[in-house]
Amino acid sequence: MEGGDWQQENLMSWWWRGAGKTQVSLLTSWNPPTTAQLTLESLPSSAAEGKDVLLLVHNLPEGLAGLSWYKGASVDSNRQIASYVIDSQTNVPGPAYSGRETIYPNGSLLLQNVTLEDTGYYTLQAIKKNLLNEKVIGQLRVYPELPTPKVTSNNSNPVENKDPVVFTCEPQTQDTTNLWLINHQSISNSAWLQLSKDNRTLTLLRVTRDDSGPYECVTWNPGSASHSDPFHLNVLYGPETPTISPSDSHYSSRANLSLSCHAASNPPAQYSWLINGRAQQPTQELFIPHITANNSGSYTCLVHNSVTGLSRTTVKIITVSAGKNSTGHPVGTISGIVIGVLVGLLLLATLLCFLLLRKTGRASGQLDLREHHPPASNPGHGPSGTSTSPALLSGLRTEVPIYQELLNPNTNIYCRIHPKADVAS
């Protein structure tokens, strides 16, 4: 039987089932059957260099005197590997014997530590006692043990939407099928992917940041399969248009202004700020304590990627409210304080005027009393001391309590000073 063709058609399913790492392709031919066919089976069904292979015999005829194995498709004594004498159960080495072959009583041949030179035809001759011999021919193919492949790239740091990338599966090995995996999945058809005829090279015509990988190469032949280490691309991109946070645009006086700028970029972007067109120290975080109305204006964040050479900007308008003065008191509060002070001064002036008028009135009253005092009585003509007439007393101004004066103040805020006040003073 000839193996390998069906393996080629079912490469993926075979590999994922984790089949053995060896493959033997054994072609068997035999004489026209009588009652049972003499056949050969390879165990295991696949073989790579360094493995052991058993050529198992089925339907061995009866009445045998011995068995002989030959390297090649014919019975050639010069290429005899060994013979087995049934009666004595002994192995007799032949010219093609390498020391790695053993014939068992059931006719099977064990080949240990097979090499690529063991590939070829093998002939078994069953020697009957009646001299009616039978012969069967099989073909053995030994496949090389595949080395661990390695993924290489012409550019491991491509720029997004700019640089194509070519992957190569190394080393190149004959009779080997190459399989590519992206993100641990087999590649699918795409206008941006190209494979070489032998699948050894994979080309990405356009690269985006989502194409970072990993990329893996699997090499396969009927004898073995090998898997590469993952390969990752460092896709360079950006910067994208930056965003400024927080989103607030209106602030009050004396508040702290803290702005942060961010932009997607690989490698990370460089940040700087402009305030009303004036450059600031390069930083990603901008902080201004105790802002005033003078801090209103445009705040521009600039981002730059030195590798891709791209730059982006975002402008934010900040408005600082003048709702508070430099001491932090609202304008309404200050106006109330000023009005209160003025009212207090007005009341104080009214009180002073009242007290001055009261004092001036008393002085005038006393002066009038002195001016209208009657002459002293002559001695012996009446009682001694002074006396006041009722008419004079009725003419005096009646005293008014001070609280009534305050409750009913004179609407004229100007004090009239009596001309004779100077006499009282």
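Glu160, Arg209 and Glu240 are linked in a network of salt bridges, where a salt bridge is a side-chain nitrogen of Lys or Arg within 4 Å of a carboxyl oxygen of Asp or Glu. This is a predicted model, so local features need pLDDT of at least 70 and side-chain atom pairs count only at pLDDT 80 or more, while totals for chains, interfaces and linings use all residues. Residues are numbered from 1 along each chain as its sequence is written, and side-chain values use heavy atoms, with hydrogens and water left out.

Back to the network. Glutamate 240 sits in the loop between β18 and β19 and arginine 209 in the loop between β16 and β17, so their salt bridge ties together parts that are 31 residues apart in sequence. (Strands are DSSP runs of E, at least two residues, and helices are runs of H or I, at least four, numbered from the N terminus.) Arginine 209 has another contact too: its charged end sits over the ring of tyrosine 237, 3.9 Å from the ring's centre. For that label, NZ of Lys or CZ of Arg must be within 6 Å of the ring centre and within 35 degrees of the ring normal.

How many salt bridges does a search of the whole structure find? It finds six, and the table shows some of them, including the closest N-to-O distance for each pair.

| Salt bridge | Closest N and O atoms |
|---|---|
| Glutamate 240 and arginine 209 | 2.6 Å |
| Lysine 128 and glutamate 134 | 3.1 Å |
| Glutamate 170 and arginine 200 | 3.2 Å |

Are these partners tucked away or out in the open? Lysine 128 is buried at 16% relative accessibility, and glutamate 134 is buried at 17%. Glutamate 170, at 32%, counts as partly exposed, whereas arginine 200 is buried at 16%. (Buried means under 20% relative accessible area, exposed over 50%, and partly exposed in between, using a 1.4 Å probe and protein chains only.)

Now for the rings. Phe167, Trp180, Tyr215 and Phe231 form one aromatic cluster. Rings of Phe, Tyr and Trp (its six-membered ring) pair if their centres lie within 6.5 Å; planes under 30 degrees apart are stacked, over 60 edge-to-face, and the rest tilted. The structure holds three such pairs. In one of them, phenylalanine 167 and tyrosine 215 are stacked, 4.3 Å centre to centre with 25° between the planes. That pair joins strand β12 to strand β17, 48 residues apart. Phenylalanine 167 is buried, at 0%. The rings of phenylalanine 167 and phenylalanine 231 are 5.9 Å apart at their centres with planes at 80°, so this pair is edge-to-face.
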